[in-house]
Amino acid sequence: MEASTAPGTRCLLDENTFTENFMNQISVRKTYLCYKVEILDGDAWVPLDEYKGFVHNKGANQPGQPCHAELYFLDRIRSWNLDQELHYRLTCFISWTPCHTCAQNLATFLGENSHVSLRIFASRIYSLAGYEAGLRTLQAAGAQIAIMTSKEFEHCWETFVDHQGRPFQPWDELEVVSQHLCEKLQAILQTQQN
DNA sequence: ATTTTCAAT
């Protein structure tokens, strides 16, 4: 379980963990965040596979302070000490969109690190307590925020899952739910003020 | 058309 993020282990999710957490038509009380890093070389983005991996939140049912996945992600980014003279693009695939507080923290990070761009693809929209304003703040800080479509789910499967050679198998309603969430997110991000 | 969701009614 926790060994999945221990040093020295391969940074791949098992199939069930991926599917259980990223299925977009159900609600799950935990969050997984897969990330990858690319560096700008001329006009091309070159993958830095050594910075590929995933984190998940620590819930209130576990020892110690609860912590959202995004904060672990920020910890990892800071630990890399990315060269400020270069430009990086971080892409994360997260099972819930960031909450209000995490969105603010990510926005602050982007404001302080102009050599880093952030793209977020989310499976579901976390919609509690100020989430809309949080997402707008994050977008205003330069992040691209989008909903995962079958393209992103398949990419995640290929990139972050220990799939043993098996192809990604979309679940029922994946496209319908994704489309609906895309529209909902667009409505949130296009709203002015607040 | 879509709300209970980074757990604990």
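User: In this predicted model, what phi does Gly-142 take just after helix 4?

Analyst: The model is a predicted one, and the residue in question follows directly on helix 4. There Gly-142 takes a phi with a positive sign, with a value of about 110°.

User: Which elements do the buried residues of helix 4 pack against?

Analyst: Helix 4 covers residues 131-140, and within helix 4 the residues Tyr-131, Gly-134, Leu-135, Arg-136 and Leu-138 are buried. Leu-138 is also listed among the residues with the most contacts inside the largest nonpolar core. The partners against which the buried residues of helix 4 pack are helix 3, strand 5, strand 6 and helix 6.

User: Is Arg-136 buried or exposed, and how many Å separate its C-alpha from that of Leu-189?

Analyst: Arg-136 belongs to helix 4, and its relative accessibility is 16%, so with the limit for burial set at under 20% Arg-136 counts as buried. Along the sequence Arg-136 and Leu-189 are 53 residues apart. In space, however, the C-alpha to C-alpha distance between Arg-136 and Leu-189 is 5.7 Å.

User: Which residues have the most contacts inside the largest nonpolar core?

Analyst: The largest nonpolar core has 37 residues. Among the elements that give two or more residues to this core are strand 1, helix 2, strand 4 (88-96) and strand 5 (116-124). A second core, separate from this one, has 18 residues and includes Leu-13, Phe-121, Met-148 and Phe-168. Inside the largest core, the residues with the most contacts are Leu-33, Phe-73, Ile-77, Leu-90, Leu-118 and Leu-138.

User: With which residues is Leu-90 in contact, leaving aside its neighbours within four places in sequence?

Analyst: Leu-90 is one of the residues with the most contacts inside the largest nonpolar core. Once the neighbours within four places in sequence are set aside, the residues in contact with Leu-90 are Lys-36, Val-37, Phe-73, Ile-77, Trp-80, Leu-82, Val-116, Ser-117, Leu-118 and Arg-119.

User: Why is the ring pair of Tyr-35 and Trp-80 tilted, and how many residues apart in sequence are the parts it ties together?

Analyst: The structure holds 13 aromatic pairs. In the pair of Tyr-35 and Trp-80 the ring centres are 5.6 Å apart and the planes stand at 50°, so the pair is tilted, because that angle falls between the limits of 30 degrees for stacked and 60 for edge-to-face. Tyr-35 is buried at a relative accessible area of 3%, and Trp-80 likewise counts as buried, at 15%. Since Tyr-35 lies in strand 1 (residues 32-41) and Trp-80 in helix 2 (residues 69-80), the pair ties together parts whose separation in sequence is 45 residues.

User: Which residues do ring pairs link into a cluster?

Analyst: Phe-168 is a member of the second nonpolar core, and Phe-168 also takes part in the cluster of rings. The residues that ring pairs link into this cluster are Phe-18, Phe-22, Phe-153, Trp-157, Phe-168 and Trp-171.

User: What distance separates the charged end of Arg-124 from the centre of the ring of Trp-96?

Analyst: Val-28, which is found in the loop between helix 1 (15-22) and strand 1, is in contact with both Trp-96 and Arg-124, as well as with Glu-20 and Asn-21. Val-28 counts as buried, at 14% relative accessibility. The charged end of Arg-124 sits over the ring of Trp-96, and its distance from the ring centre is 4.3 Å.

User: Why is the sulfur of Cys-92 too far from the closest cysteine sulfur for a bond, and in which residue is that sulfur?

Analyst: The structure holds zero disulfides, and a disulfide would require sulfur atoms within 2.5 Å. The sulfur of Cys-92, a residue that counts as buried at 3% relative accessibility, is 9.2 Å from the closest cysteine sulfur and therefore too far for a bond. The residue that holds this closest sulfur is Cys-34.

User: Where does Gln-164 lie?

Analyst: Gln-164 has a phi near 55°, which is a positive value in a residue other than glycine. At 56% relative accessibility Gln-164 counts as exposed. Its place is the loop between helix 5 (150-160) and helix 6.

Key:
Residues numbered from 1 in each chain as written. Chains lettered and ligands numbered in written order. Predicted model: local features only at pLDDT ≥ 70, side-chain atom pairs only at ≥ 80, totals over all residues. Heavy atoms only, no water. Phe/Tyr/Trp six-rings, centres within 6.5 Å; stacked < 30°, edge-to-face > 60°. Helix = DSSP H or I, 4+ residues; strand = E, 2+ residues; numbered from the N terminus. Buried < 20%, exposed > 50% of the residue type's maximum accessible area, 1.4 Å probe, protein only. Lys NZ or Arg CZ within 6 Å of the ring centre and 35° of its normal. Core = buried A, V, L, I, M, F, W, Y, C linked by side-chain atoms within 4.5 Å. Contact = heavy atoms within 4.5 Å.
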